[in-house]
Every structure is written in structure tokens, then in C-alpha cells.
Amino acid sequence: MWTYRRRLRENRRLIITYGVPSVLGGLAGAVLLLSTSERAFREIVPFLILLACGLLVLNEPIARWMTRRAALHPTKHAAILWICQLAIGVYGGYFGAGIGIMMLAAMAIFLPEDLQTANAMKSLLAVFINGAATVYFILAGRIDYRRGGMMAVAAIAGGFIGALAAQKLSPRWLRTAVIVYGICIAVYMLL
């Protein structure tokens, strides 16, 4: 997030608007995870990631259509993304893999912002989703602190390096990289 601090400052209103469903969804997903079986989410996750990749592939024609519709119904744009962000939050609190891809796909379709701004917002909203879920897991006594600590350090380092690299890519190359990554993760999870 630090590498995107300028873009985040410029979009505070959007961050607050979509931060609320992120936190609520992350909390709901965490509750759902601890009340359902492991098998249930393992079976659906690869398909959700592939769906997000498909949305990202189709985002330009869909975004053009949505932009025309937004001129007629400007409040529908925000409401649809709010609902999408809530659903992504639930999914993120439940499992988490691919939430970045899903958020980028939703923002590319429903927001007029560029992909770099969407990537910045995605990074912060992921913190809200994962933070809400983590607080719930801590309160429920379900955290392995040794493993979780190692994963947190690796995720922060990878996120910082990835954000620096992403800012140097054109939007088309960034979109392609995200799609390829998503497909690889989905295939891995299917296998």
C-alpha cells in the first residue's frame, strides 16, 4: 500500500465507501468459514478465480457498456460495486485466494478509474477484508501465530515488491499478468 500512497490519498471517498462492505464481508466470511466444512470451499474456489479472470478479460467491453448505462443511472454504478465488494469480502474472509483479481475485475467494470488506481484501492481493501477476518479468528482462538507470522512477513514483502513492479507496467500488461496469474492459481487448485 505504501507504494500507492498518492493514489490512495486521492481516492479517500471511494476507499471509505468500499471499505465498509469489505470489513462487513470479511467478518461474515470468517464466521462462515468456521461454521462450514473445508471440502465445500475447496471445490468452488478455482471456479471463482476463473470467473474473476473472465471478468477481467471482458472488462473493456463491459466497462464501455457500464459507462453508457452510468450516464443514465449514476447511482447504480456505486450500488453494484458496493454489493460486489461485499460479496468479495465474504469470499475473502472465507478463503482469500484471488480476492485481488476479483476486486480488480469488479473495479475495472464498475469504476471509471484507471487500473493502477484500482490496484491501489484493491491493496487497501484487501487489508480491510483480511483484517476483519483476522480479528474474528483471533477472538475465536483459531490462529497459529508462528505460521501466521511467517506468512504475514512473506505476504508484506511480496506485496511491496509486486506493487512496485505493477506500477511500471502498462495497464494492458498489468491486466495480462493478473489474468495469467489467476489462471495458474485456478489450475493449481483444480489439480
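1. The largest nonpolar core comprises 41 residues, and Met103 and Met107 have the most contacts inside it. Several helices contribute: H2 (12-33), H3 (38-57), H5 (74-94), H6, H7 (115-139), H8 (145-167) and H9 (171-190) each supply at least two residues of this core. Of these, H6 gives the most, with 11 residues. In soluble globular proteins, nonpolar side chains tend to be buried together. The structure is a predicted model, and the points below should be read with that in mind.

2. Confidence should be considered before the details. The chain has a mean pLDDT of 85, and 91% of its residues reach 70 or more. The lowest confidence in the chain falls in helix H4 (residues 59-72), with a mean of 65, whereas the highest is in H2, at 95.

3. Helix H6 deserves separate attention. It spans residues 99-110, and its 12 residues reach 16 Å from the first C-alpha to the last, close to the 16 Å expected at 1.5 Å a residue. The helix is mostly covered, with 12 of its 12 residues buried. Among them are Gly100, Met102, Met103, Leu104, Met107 and Phe110. Methionine 107, one of the two residues with the most contacts inside the core, touches Leu81, Ala118, Met121, Lys122 and Leu125 when residues up to four places away in sequence are not counted.

4. Proline 21 is located in helix H2. It counts as buried because its relative accessibility is 0%, which lies under the 20% limit for that class. Its C-alpha atom is separated by 4.5 Å from that of leucine 86, although the two residues are 65 residues apart along the chain. Not counting residues up to four places away in sequence, proline 21 touches Trp82, Gln85 and Leu86. The confidence in H2, a mean of 95, is the highest in the chain.

5. Alanine 186, in helix H9, offers a second example of residues brought together from distant parts of the sequence. The C-alpha atoms of alanine 186 and proline 46 are separated by 4.4 Å, with their positions 140 residues apart along the chain taken as the sequence separation. Alanine 186 is likewise buried, at 0% relative accessibility. Leaving aside neighbours within four places in sequence, alanine 186 is in contact with Pro46, Ile49 and Leu50.

6. Asparagine 119 is a buried polar residue of helix H7. Its relative accessible area is 6%. The side chain of asparagine 119 is joined to that of tyrosine 4 by a polar contact of 2.6 Å. Beyond its neighbours within four places in sequence, asparagine 119 is in contact with Tyr4, Leu104, Ala166 and Leu174. Of these, Leu104 is one of the buried residues of H6.

7. Arginine 7 has its place in helix H1 (residues 5-10). Its side chain makes a polar contact of 2.9 Å with the side chain of threonine 117. With neighbours within four places in sequence left aside, the contacts of arginine 7 are Asp114, Gln116, Thr117 and Ala120.

8. Glutamate 43 belongs to helix H3 and is partly exposed, with a relative accessible area of 44%. A polar contact of 2.9 Å joins its side chain to that of arginine 39. Glutamate 43 and leucine 58 are 15 residues apart in sequence, and their C-alpha atoms are 25 Å apart in space.

9. The cysteines require a brief comment. How many disulfides are there? The count comes to zero. The sulfur of cysteine 53 has its closest cysteine sulfur in cysteine 184, at 9.1 Å, and is therefore too far away for a bond; the cut-off for a disulfide is 2.5 Å between sulfur atoms. Cysteine 184 is accordingly in no disulfide, the nearest cysteine sulfur being that of cysteine 53. As to their surroundings, cysteine 53 is buried, with a relative accessible area of 2%, whereas cysteine 184 is partly exposed, at 48%.

Technical notes. Residues numbered from 1 in each chain as written. Predicted model: local features only at pLDDT ≥ 70, side-chain atom pairs only at ≥ 80, totals over all residues. Heavy atoms only, no water. Helix = DSSP H or I, 4+ residues; strand = E, 2+ residues; numbered from the N terminus. Expected span 1.5 Å × (residues − 1). Buried < 20%, exposed > 50% of the residue type's maximum accessible area, 1.4 Å probe, protein only. Core = buried A, V, L, I, M, F, W, Y, C linked by side-chain atoms within 4.5 Å. Contact = heavy atoms within 4.5 Å. Polar contact = N/O pair within 3.5 Å; in protein donor to acceptor, adjacent residues only side chain to side chain. pLDDT = per-residue confidence, 0-100.
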